[in-house]
Every structure is written in structure tokens, then in C-alpha cells.
Amino acid sequence: MNITLEERTAETVAIYFRKADTPLIRKTLPQKAKTLEGAIADYKATLLPGATSYGRTIWADGVYVGDIWCYGIHSENTPNAMIRNCFLSYCIFETGYWNKGLATEALRLFMQEIIPKYDLNTIGAFTYTDNLPSIKVLEKNHFVMVEEFMEKGISSKYFEYHR
């Protein structure tokens, strides 16, 4: 299967918003935008100079199947270094493509792009403890669990990748 990452557009954001707005996906991935208008506004903010998020669409053999993005891109000045980091999120909304390695490969490709683009040192990712497929995707891409915690009564894990 040929996995590629492509540009996000207002049209793909609208498709993503509708496709990801299902109980099954909401159970594994909370959605920030509550309306299509909010999702489009968030997308438009990524196009502005100094934007702190960046995303791509995920395609499998020419079929649009999901999105991957990095948000909260920022720098921390420490006494000895400038640390650049971000938080990662991804979703394969076409459930027929689950458990086929797409998210693992999409994340690998995305990291190859964003690490040099933003000179990232650290990438963080949150997932629910019972979302074993997402945990496997992160671990296959060399993310290490840093913390397990409860949030709103849901057990979650925080993972990090360090360059």
C-alpha cells in the first residue's frame, strides 16, 4: 500500500470534520473543534505567519483516509539550549484501513518532515490507556511513555520522542 502525506485544504478539513465526528472515533480521539466553522477557523490559523500548528492529510493508494498534525509548536529557552517541541495528533477516520500499518507509516513520514522543518527536539503525544493501536503506533516510531494519569475519569498516557 502506498502511503502519502498531502496538503490540507478547507475541503479536506470539512471532510475530516464530518468523518471523524462519529462515536467510535470520539471515543479514541477528543476533537477540539465542536463545529465545522471552528474547524475551518483552526485550519486558517495554521496558514498565518508564526502559526503554532501544522498538519497534513493521509492518503492510502490515492484514498484520503485521515489527518496528522503537530500543534503547540514552540521554543523553550533553557540556560544551555533552545528546545523546540510540539504535540502530535493523528486519526485514520476510514475504519476499513485500521490495523494495516497506515498510521505507523504516516507518523514516520510526518516526523521526517516536521523535525527538520521546525528543528524539533521533542514531540509529545497523549492517548487513552485503552487505545492499544495508538500506543503501538507511537512505540513503533520510538516514542517512550513518560506518564500515566487520569483526566476526567479516563486513564491516559503521555509519550515523548526525543531527537
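# Exercises: cysteines, cores and strands

C70 is buried, with a relative accessible area of just 1%. Keep that residue in mind as you work through this predicted model.

**Exercise 1. Work out how many disulfides the chain has, and which cysteines they join.**

Step 1. Look for cysteine sulfur atoms within 2.5 Å of each other. C70 and C86 fit, with an S to S distance of 1.7 Å.

Step 2. Try C91 too. Its closest cysteine sulfur belongs to C70 and is 16 Å away, too far for a bond.

Step 3. Count up: you get one disulfide.

Step 4. Now see what the bond ties together. C70 sits in strand β3 (residues 63-77) and C86 in strand β4 (residues 82-92), so the link connects parts that are 16 residues apart in sequence.

As a reminder, a disulfide is a covalent bond between two cysteines, made through their sulfur atoms.

**Exercise 2. Are C86 and C91 buried or exposed?**

Step 1. The cut-off for buried is under 20% relative accessible area.

Step 2. C86 comes out at 1%, so C86 is buried.

Step 3. C91 has 6% relative accessibility, so C91 counts as buried as well.

**Exercise 3. Find the largest nonpolar core and say which element gives the most to it.**

Step 1. The largest nonpolar core holds 31 residues, and L88, I114, L120, I123 and F143 have the most contacts inside it.

Step 2. Check where its residues come from. Elements giving two or more residues include β1 (3-6), β2 (53-60), α4 (102-118), β5 (122-128) and β7 (154-162).

Step 3. The top contributor is α4, with nine residues.

Step 4. Don't stop there: apart from this core lies another one of eight residues, including Y16, A20, Y64 and C91.

Here's the general idea behind cores: in soluble globular proteins, nonpolar side chains tend to be buried together.

**Exercise 4. Which residues does I123 touch, leaving out those up to four places away in sequence?**

Step 1. Leaving out those sequence neighbours, list the contacts: C86, L88, M111, I114, I115, F143, F159, E160 and Y161.

Step 2. Pick out Y161 from that list. Y161, in β7, is also the bridge partner of I123.

Step 3. Zoom out to the strands. β5 and β7 pair in the antiparallel sense over seven bridges.

Step 4. Check the cover on β5: six of its seven residues are buried, which leaves this strand mostly covered.

**Exercise 5. Sort the side chains of β1 by the face they point to.**

Step 1. Go along the strand and you'll see the side chains alternate.

Step 2. On one face, I3 and L5 are buried; on the other, T4 and E6 are not.

Step 3. Find the neighbour strand. β1 pairs with β2 in the antiparallel sense, over four bridges, and E6 has T57 of β2 as its bridge partner.

**Exercise 6. Describe the whole chain: what elements does it have, and how does its radius of gyration relate to the globule rule?**

Step 1. Count the elements: five helices and seven strands. From the N terminus they run β-α-α-α-β-β-β-α-β-α-β-β.

Step 2. The radius of gyration is 15 Å, close to the 15 Å that the globule rule gives for 163 residues, so the chain is as compact as a globular protein of that length.

Step 3. Add the dimensions: the C-alpha trace spans about 45 × 35 × 35 Å along its principal axes.

Step 4. Finish with burial: 44% of the 163 residues are buried.

Technical notes:
Residues numbered from 1 in each chain as written. Predicted model: local features only at pLDDT ≥ 70, side-chain atom pairs only at ≥ 80, totals over all residues. Heavy atoms only, no water. Buried < 20%, exposed > 50% of the residue type's maximum accessible area, 1.4 Å probe, protein only. Core = buried A, V, L, I, M, F, W, Y, C linked by side-chain atoms within 4.5 Å. Contact = heavy atoms within 4.5 Å. Pairing = 2+ DSSP bridges. Rg over C-alpha atoms; globule rule 2.2 N^0.38 Å.
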